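Student: Got a minute to go through this one with me? I'd like to start with the turns and strands, then look at the ligand.
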Amino acid sequence: MTDLVRVDSLYKYFDIGGGQNVHAVDNISFNIAEREIVGLVGESGSGKSTLGKTLLGLHDKTDGAVYYRDELLPMRYNTADYRRYSRKMQMIFQDPYSSLNPRMTVGEIISEGLLLHRMMNAAQARDKAASWLERVGLHADHMSRYPHEFSGGQRQRIGIARALILEPEFVVCDEPISALDVSVQAQVVNLLSELKESMGLTLLFIAHDLSMVRYISDRMAVMYLGALMELGPVDDVYFKPLHPYTQVLVGSNPEPDPDSERARKSTEIIGEIPSPVNVPQGCRFAGRCPKAMDVCRAQTPQLKAVGGSQSLVACHLY
Ligand code: SF4
């Protein structure tokens with residue numbers, strides 16, 4: 001499979017003054033193949049959203065490289081870069097309440113990108129927005145209504161239509177279901193899955209809910225304190241996690257079947273995620289890892305292939 005996105009030693013630090021930095025993304029390398037869905041999981045504060053936004057140029061890069069179809073993307077986007085790349089690379093945001101402009105009608109929100117990119121005239125953009133409303137399960141006569149008139153699930157459908165009307169190739173879905181009622185989460189995931197198939201999309205799907213990530217993704221990437229801990233085929237990572245952090249993350253995810261082996265192994269993650277300002281030396285998970293060894297506090301483990309597995313793991317046990 002051809003890579004659509006390739007990330008090479010990417011760093012994103014935020015300067016917080018006093019010579020200190022938040023290490024939100026700390027030397028991350030991975031690839032996403034065309035038409036693949038990579039699910040990205042990890043606790044809050046692990047840097048998942050920052051990674052997604054940095055891939056799309058919504059944050060400047062601190063160091064490293066992101067390639068899109070082998071083209072090196074700029075470290076810092078100017079307006080022309082943003083215009084150029086945002087046609088092909090879009091984001092669906094977490095919060096369907098705050099990501100839609102309350103003063104614009106739904107029709108204006110969905111068609112705005114087409115007009116900004118001068119892809120068609122106003123009448124054509126209106127027609128296309130109306131057809132997209134229907135494509136995401138709403139009605140064309142909702143065009144003149146405002147976001148507050150819709151439920152959370154409906155607003156997320158509007159956010160999906162706004163992102164996909166430009167017919168992008170790559171979409172970062174930043175926790176698109178976590179602000180929604182459980183009853184509508186599966187509907188939104190199913191809609192994304194259908195659109196991914198019909199449009200041939202490539203997705204980075206960021207989520208807390210590992211079961212949902214398992215359902216939609218081809219591979220799963222596990223992030224902890226700005227770094228990737230494990231990356232592999234989704235069922236391998238979910239059912240046979242190798243990294244101790246993935247093991248506790250998977251073990252702490254609610255398992256619907258109480259008799260399953262995974263439910264019996266359920267466990268809680270001990271302690272708090274350390275500050276991304278003072279990242280521990282060596283393995284950043286060592287302070288919480290039940291299997292930590294002396295070498296773990298001295299040397300940073302690199303993400304590497306593990307024999308007998310298709311997964312990449314950053315851990316001195318392997
Ligand atoms: Fe645990 Fe050491 Fe592996 Fe880190 S490198 S996860 S501390 S065993």
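Student: In the hairpin of strand 1 and strand 2, which residue takes a positive phi?
Tutor: Gly-18, with phi near 65 degrees. The hairpin has two residues between its strands. Bear in mind that this is a predicted model.

Student: How many bridges pair strand 1 and strand 2?
Tutor: Eleven, in the antiparallel sense. Strand 1 covers residues 3-17 and strand 2 covers residues 20-33.

Student: And what stands opposite Lys-12 in strand 2?
Tutor: Val-25.

Student: Switching to the open sheet. What's the strand order?
Tutor: 6-7-8-3-9-10-12-11, eight strands with mixed pairing. Strand 6 (89-92) and strand 11 (304-305) stand at the edges. Each has a single partner strand, so one side of each lacks a neighbour in the sheet.

Student: Strand 3 and strand 9: parallel or antiparallel?
Tutor: Parallel, over four bridges. Strand 3 is residues 37-41, and strand 9 is residues 219-224. Val-38 has Arg-219 as its bridge partner in strand 9.

Student: Which strands does helix 9 touch?
Tutor: Strand 3, strand 9 and strand 10 (227-233). Helix 9 (residues 244-251) packs on the sheet, at about 105 degrees to strand 9.

Student: What about helix 1, which strands does it lie across?
Tutor: Strand 3, strand 6, strand 7, strand 8 and strand 9. Helix 1 (residues 48-55) runs at about 155 degrees to strand 8.

Student: Now the ligand. Where does it sit?
Tutor: In the largest cavity.

Student: Which residues come nearest?
Tutor: Cys-283, Cys-289, Cys-296, Cys-315 and His-316, out of 13 around the ligand. By class, the shell has ten nonpolar, two polar and one charged residues.

Terms used
Residues are numbered from 1 along each chain as its sequence is written. This is a predicted model: local features need pLDDT of at least 70, side-chain atom pairs count only at pLDDT 80 or more; totals for chains, interfaces and linings use all residues. Side-chain values use heavy atoms; hydrogens and water are left out. A residue is near a molecule or strand if one of its heavy atoms lies within 4 Å of it. On a 1 Å grid over the protein atoms alone, a cavity is a set of points where a 1.4 Å probe fits but cannot get out, and a pocket is an open set with protein on both sides within 12 Å along at least five of seven lines; lining residues have an atom within 4 Å of a point. A molecule sits in a cavity or pocket if more than half of its atoms lie within 2 Å of its grid points. Ala, Val, Leu, Ile, Met, Phe, Trp, Tyr, Cys and Pro count as nonpolar, Asp, Glu, Lys and Arg as charged, and the others, Gly among them, as polar. Two strands pair if DSSP finds at least two bridges between them. Contact means heavy atoms within 4.5 Å. Axes are lines fitted to C-alpha atoms, for helices over the stretch in contact, and angles run from 0 to 180 degrees between N-to-C directions.
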